[in-house]
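Here are a few quick notes on the charged pairs in this one, for when you first open it. Have the sequence handy as you read.

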Amino acid sequence: MTGVADAVAQYLDHVRAERGLAANTVAAYRRDLARYTGFLADRGVTDLDDVTPVDVTEFVRHLSATQARSSVARQVVSVRTLHRFAAAEGLAPGNPAVDVSPPKLTQRLPKALTVDEVTRMLDAPDRDDVVGLRDAALLELLYGTGARVSEVCGLDVDEVSAALADRDAGLLLRGKGGKERMVPLGSYAATAVEAYLVRARPALAAAAARHDPALLLNQRGRRLSRQSAWAVLQQAARSAGLTVEVSPHSLRHSFATHLLDGGADLRAVQELLGHASVATTQIYTLVTIEHLREVHAAAHPRAR
C-alpha cells in the first residue's frame, strides 16, 4: 500500500520535474493537498487504497461550507489530478475522484466603462506636467491597444520608437507565457507617447544613476511597476469623477467591448487581446448583448 502523504510527495515531484510547472503553481498544489491529506487523516484514512469516492465528496462539502467556489474548484482540481496520477502510476487500484466535479463557477462579466467615462479618464492627467504626460501615455496605450497593464509596463523605448517610426508595422506586445502579438498603434496613443518621450521621459530618466530602457519610468527613473500603474488608473478615475469601480483591466475590457459594439469581428478582437481561445473573448459578446437589452428597453415603445 502507498500512503497518501507518499503519493502526494511523488506527485509534487512529478509536476515540478517532469511537467515543469512554475514554483508558485507547485506551492499551490502543495497547500491544497496538505489540506486534503489532513482531512483524510482526521477520518482515519492514511493509505491511498482506502480512499473512497465518499471521502472525496465529503472533502468537497467540507471546503464548500467555509470557502469561495473559486477556491473550492481549484482544490478539487488538485485532488483529481493527484488521484489520476496515482492510478496511472500504479500507486492505487483506481481513481476515487473520477466522478467528483468541482463546483460550477458563476460567470463574472467584465466591467466595461462607457465611452464617455473612458474619455474623461484619458483627459484627466495634466499634460503640462512631467508625471501627467507619462500618465497620459500609459492610459492612452492601455485603451488604444487593449494591452494588459503588465504588457504596457514591460515596453521598452526602442520597441515603441520602432512602432512610431513605422505606424503600419504596429506595436509588439509580449503577453502571458512570452507570447508575442502585433497591435495597431492609434493616433491618440502615438501622440501621447511622442509628447511623453520628448517632454517628460528625459526628466524622469535623469533621476536614475543608470540608464533604464523602459518606456514608462517612475520618479526615480526606473521602470514603472504594475502597482504604480494601477495607482495611476485609480487617480485618473477619481479625477474624472467616476463613481464606478475601476480595475487594472478596466481599459482593456472597455477596449474589447467598444470594438464589438462598433461591429468588430470577434476573431479580430481575440487576436488584439492575445487570447489563446476565442471562447475567452466570447464573454464580451454577453456584455454587448446586455447593452443592447438596455438600449432596447429604454428606446422601444413595446420593450416593456
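The points below walk through some of the salt bridges in this predicted model.

1. Let's begin with the tally. The count of salt bridges comes to 13. As general background, side chains of opposite charge can pair when their charged atoms come close.

2. Have a look at Arg127 and Glu140, whose side chains meet in a salt bridge with an N to O distance of 3.2 Å. Arg127 sits in the loop between α5 (115-122) and α6 (130-145), while Glu140 belongs to helix α6, so this pair ties together parts 13 residues apart in sequence. The two ends differ in burial: Arg127 is partly exposed at 30% relative accessible area, whereas Glu140, at 7%, counts as buried, because the cut-off for buried is under 20%.

3. Next come Arg134 and Asp135, with side chains joined by a salt bridge at 2.8 Å, N to O. Arg134 is buried, with a relative accessible area of 7%. Asp135 is buried too, at 14%.

4. Now for Arg181 and Glu151: they form a salt bridge in which the closest N and O atoms are 2.8 Å apart. This pair links distant parts of the chain, with Arg181 in strand β2 (residues 180-183) and Glu151 in helix α7 (residues 149-153), 30 residues apart. Both Arg181 and Glu151 are buried.

5. Which residues are linked with Glu151 in a network of salt bridges? They are Arg148 and Arg181.

Definitions and conventions
Residues are numbered from 1 along each chain as its sequence is written. This is a predicted model: local features need pLDDT of at least 70, side-chain atom pairs count only at pLDDT 80 or more; totals for chains, interfaces and linings use all residues. Side-chain values use heavy atoms; hydrogens and water are left out. A salt bridge is a side-chain nitrogen of Lys or Arg within 4 Å of a carboxyl oxygen of Asp or Glu. Helices (H or I, at least four residues) and strands (E, at least two) are DSSP runs, numbered from the N terminus. Buried means under 20% relative accessible area, exposed over 50%, partly exposed in between (1.4 Å probe, protein chains only).
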